[in-house]
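Dear colleague,

I am handing over the structure we spoke about, with notes on what I found in it. Please look at the model first and then read on.

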Amino acid sequence: MRRILLLALKDLRRSIRDRSALAMTIAAPLGLDGGALAESFVDGPLAGMEDAGFATIRRARSAEEGERLARDGTVAATFVVPRGFSAAVQSGRDAELRLFVNPRSDVGAAIARSTAARFAAEIDGTSLAIATAAAAG
């Protein structure tokens with residue numbers, strides 16, 4: 001495990017030298033759900049990334065628009081919180097947070113995956129799948 005962390009740290013340091021790698025835009029069409037957990041994702045992890053200067057958060061009008069933005073490289077990643085996500089999590093049912101990544105944005109994609117995984121870990125007692133789709137470029 002230590003070796004993996006050291007390799008990840010080395011890659012992050014290399015990426016930090018290129019400040020543009022960290023200045024990413026993330027799209028999140030969260031209007032699909034509108035529930036409390038979806039909003040906590042925006043107000044928590046995503047807002048934290050924006051406050052730290054890591055990312056600019058942009059709301060997409062639809063999942064399709066968000067996927068297109070990731071595919072064409074306009075954004076580093078798109079999180080899609082599907083309709084019913086908050087209700088499913090709150091009732092203990094399985095839920096899925098979808099993530100589309102720009103295949104040319106290694107650092108942005110890694111940060112987005114990590115953010116999604118951390119959010120999933122914070123949701124206690126519920127199976128939350130994170131479906132990642134690398135947009136074909």
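Which residues of the largest nonpolar core touch the most other members? In this predicted model, they are Phe41, Phe79, Phe85, Val89, Leu97, Leu99 and Phe119, out of 25 residues in that core. Two or more residues each come from helix H2 (36–51), strand E3 (77–80), helix H4 (85–90), strand E4 (95–101) and helix H5 (106–122). Apart from this there is a second core of eight residues, with Ala27, Ala63, Leu69 and Val75 among them. In soluble globular proteins, nonpolar side chains tend to be buried together.

Overall layout

The protein has five helices and five strands. Read from the N terminus, their order is α-β-α-β-α-β-α-β-α-β. Of the 137 residues, 41% are buried. The surface exposed by the protein is about 7600 Å², and carbon and sulfur atoms account for 51% of that area. Among contacts with a separation of 6 or more, 72% join residues that are 24 or more positions apart.

Confidence

Mean pLDDT for the protein is 75, with 69% of residues at 70 or more. Helix H3 (residues 63–71) has the highest confidence, at 89, and helix H1 (residues 2–17) the lowest, at a mean of 55. In the stretch 16–22 the pLDDT is below 50, and the model gives this stretch eight contacts beyond near neighbours in sequence. Please keep those values in mind when you look at the N-terminal helix, H1, with its mean of 55.

Strands E3 and E4

E3 and E4 pair in the antiparallel sense, over four bridges. Phe79 stands opposite Leu99 of E4, and both residues are on the list of those touching the most other members of the largest core. Thr78 has Phe100 in E4 as its bridge partner. In a regular strand the side chains alternate between the two faces of the sheet. In E3, Ala77 and Phe79 point one way while Thr78 and Val80 point the other, and all are buried. How much of E4 is buried? Five of its seven residues are, so E4 is largely enclosed by the rest of the structure.

After E4 the chain enters the loop that leads to H5, and Pro103 is found in this loop. Pro103 counts as partly exposed because its relative accessibility is 35%, between the limits of 20% and 50%. Along the chain Pro103 and Ala77 are 26 residues apart, and their C-alpha atoms are separated by 9.2 Å.

Helix H2

H2 bends by about 25° at Pro45. Pro45 is also one of the buried residues of this helix, along with Leu37, Ala38, Phe41, Val42, Leu46, Ala47 and Met49. Gly44 has its place in H2 too, but Gly44 is partly exposed, at a relative accessible area of 31%. Between Gly44 and Phe119 the C-alpha to C-alpha distance is 8.8 Å, although the two are 75 residues apart in sequence. Gly53 follows H2 and has a positive phi, near 80°.

Two buried polar residues in helices

Which residues does Thr115 contact, leaving aside neighbours within four places in sequence? They are Phe41, Pro45, Leu46, Met49 and Phe79. Thr115 belongs to H5 and counts as buried because its relative accessibility is 2%, under the 20% limit. Of its partners, Phe41, Pro45, Leu46 and Met49 are among the buried residues of H2, while Phe79 is a buried residue of E3.

Ser86 lies in helix H4. Is Ser86 buried or exposed? Ser86 is buried, with a relative accessible area of 3%. Leaving aside neighbours within four places in sequence, its contacts are Asp33, Gly35, Ala36, Leu37 and Ala38. Leu37 and Ala38 are in turn among the buried residues of H2.

To pull this together, H2, E3, H4, E4 and H5 each give two or more residues to the largest core, and the contacts of Thr115 include both Phe41 and Phe79. The second core is separate from that one.

Regards

Key
Residues numbered from 1 in each chain as written. Heavy atoms only, no water. Core = buried A, V, L, I, M, F, W, Y, C linked by side-chain atoms within 4.5 Å. Buried < 20%, exposed > 50% of the residue type's maximum accessible area, 1.4 Å probe, protein only. pLDDT = per-residue confidence, 0-100. Contact = heavy atoms within 4.5 Å. Areas by Shrake-Rupley, 256 points an atom, 1.4 Å probe, with all protein chains shown as cover. Pairing = 2+ DSSP bridges. Bend = angle between axes of the 7 residues up to and from the residue.
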